Every structure is written in C-alpha cells, then in structure tokens.
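User: I'd love a close look at one part of this protein, together with how that part sits in the whole. Could you walk me through it?

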Amino acid sequence: MDSLALGADLEPEPVVDERSTVTLHVNGTATTLTIDHRSTVLETLRDRLGLTGAKKGCDHGQCGACTVLVDGRRVTSCLLLAVTQDGAAITTVEGLADGGTLHPVQQAFVERDALQCGFCTPGQICSAVGMLGEAADGFPSHATEPDAPSGGRADLGPDEIRERMSGNLCRCGAYPRIVEAIEDVIP
C-alpha cells in the first residue's frame, strides 16, 4: 500500500498559537507584550525590554545573577515564565533608583565598594532589597534563632544576612563588603 494513501484520511493538526499577550508592570510602567509561552521573565526583560541589569548566569536558578523583585518578593527570573506574571509588578535593578537618586542599597554598595567585576551586582542588590523586606515582615531563615519571636522584624546580624543572601553567588568573593553594605541600610 502507498504510504501517502495511509495518511490521506488524517485531519491536519490544529494550529496552536504558542504565544500570549500579557501586561507586565516593569519598573512602574505597564507594558503589554505578546510573548512565547516558553519565554522567561529574564529573557523578556533583556531581549524584549532592553533591561540588561539582570544577568543570565547559570540558567538554573542557582546563582542569583538574574534576581529581580516580583510584587516585592525576590525571584530568580531565569526560571519564571513571563506568561505566568500577567499583571505583576516587576522591579529590576534599573527601577530601584528614584530618578537620579540611588536606592539606599545601591548607594551602600557603591560606598562599601561591594562589587568587583559587577556581573552579580544587580542580582545581589535586588536580592538584598527583597531580603530586607522579608526580614521587616518577620520571615525567618535557617539562621534565625528558634526562640526568636515570630511575626516581628527579624534581627539581621552578619550570620543572618549571609544565610539570607546565600542564594546569590559572587565569583569574585566580594561577600564581606556585601554584608557590610546591607548592614549599613538596616533600619
């Protein structure tokens, strides 16, 4: 039997649109985009919006170079599908400054020279901003003392800061200065 005749009765595959239209509120500006379902927040920020602060480091969510804030919480944007963030408020390192005034964490990183090559710095800064918010909201970490009161502001000493920032790697080893910079901005 002819191989073409075998497929003659089959209906064509339906065309499936593998894109969706979403609105992302990036650094205070609503942007509506039609994006591939497989696009990550990181790819969307860098490739579609030109915001190159967040970096693609490991592409597995293990290094923290891609850390941004989504609705005030820190996330590894290389693992987060952009279509799942329709309506979300996304803040990148570029959006932390207020006009010409750096965010206090950005300023502390500059003053403490808490960077070397700078590749991880945007992720470190966004993670620090998110971590300070988590601590202010009373979220514990693995290093939080078991008898610490729950619900109140977490006490952020050097060990607690190191634990909370452990998801952000720095190949240059600027960790001591990063911890000092964060300590400088603790309310």
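Is cysteine 117 buried or exposed? Please start there, then move on to the other cysteines and the sheet.

Analyst: Happy to. One note before we begin: this is a predicted model, and the values below are computed from it.

Cysteine 117 counts as exposed, because its relative accessibility is 59%, and the cut-off for that class is over 50%. Cysteine 66 counts as buried, at 2% relative accessibility. What about bonding? The structure holds zero disulfides. For cysteine 66, the closest cysteine sulfur belongs to cysteine 78 and lies 3.7 Å away, which is too far for a bond, since a disulfide needs the two sulfur atoms within 2.5 Å. Cysteine 117 is in no disulfide either; its nearest cysteine sulfur, that of cysteine 172, is 3.7 Å away.

Now to the sheet. It is open, has five strands in the order β2-β1-β5-β3-β4, and its pairing is mixed. β2 and β4 (73-76) stand at the edges with a single partner strand each, so each has one side without a neighbour in the sheet. From one strand to the next, the twist averages 40 degrees. Further in, strand β1 (residues 19-26) pairs with strand β5 (residues 89-91) in the parallel sense, over two bridges. Histidine 25 has alanine 89 in β5 as its bridge partner.

Histidine 25 also turns up in the surroundings of alanine 30, a residue of strand β2 (residues 29-36). Leaving aside residues up to four places away in sequence, alanine 30 touches Thr23, Leu24 and His25. Alanine 30 is partly exposed, because its relative accessible area is 48%, which falls between the 20% and 50% limits. From alanine 30 to alanine 114 the C-alpha distance is 32 Å, with their positions 84 residues apart in sequence.

Following the chain onward, serine 39 sits in the loop between β2 and α2 (41-48). Serine 39 is buried, because its relative accessible area of 16% is under the 20% limit. With the same neighbours in sequence left out, that is, residues up to four places away, serine 39 touches Thr44, Leu80, Leu81 and Ala82.

The helices complete this part of the picture. α2 lies across β1, β2, β3 (67-70) and β5, and runs at about 105 degrees to β2. Helix α4 (residues 121-136) lies across β3, β4 and β5, at about 40 degrees to β3.

Stepping back, the secondary structure comes to six helices and five strands, and along the sequence they follow the pattern α-β-β-α-β-β-β-α-α-α-α. The radius of gyration is 21 Å, well over the 16 Å that the globule rule gives for 187 residues, so the protein is more spread out than a compact globule. Along its principal axes, the C-alpha trace spans about 75 × 40 × 30 Å.

A few totals round this off. Of the 187 residues, 37% count as buried. Among contacts with a separation of 6 or more, residues 24 or more positions apart account for 55%. The protein exposes about 10,700 Å², and carbon and sulfur atoms supply 51% of that area.

Notes
Residues numbered from 1 in each chain as written. Predicted model: local features only at pLDDT ≥ 70, side-chain atom pairs only at ≥ 80, totals over all residues. Heavy atoms only, no water. Helix = DSSP H or I, 4+ residues; strand = E, 2+ residues; numbered from the N terminus. Buried < 20%, exposed > 50% of the residue type's maximum accessible area, 1.4 Å probe, protein only. Contact = heavy atoms within 4.5 Å. Pairing = 2+ DSSP bridges. Axes fitted to C-alpha atoms, helices over the stretch in contact; angles between N-to-C directions. Rg over C-alpha atoms; globule rule 2.2 N^0.38 Å. Areas by Shrake-Rupley, 256 points an atom, 1.4 Å probe, with all protein chains shown as cover.
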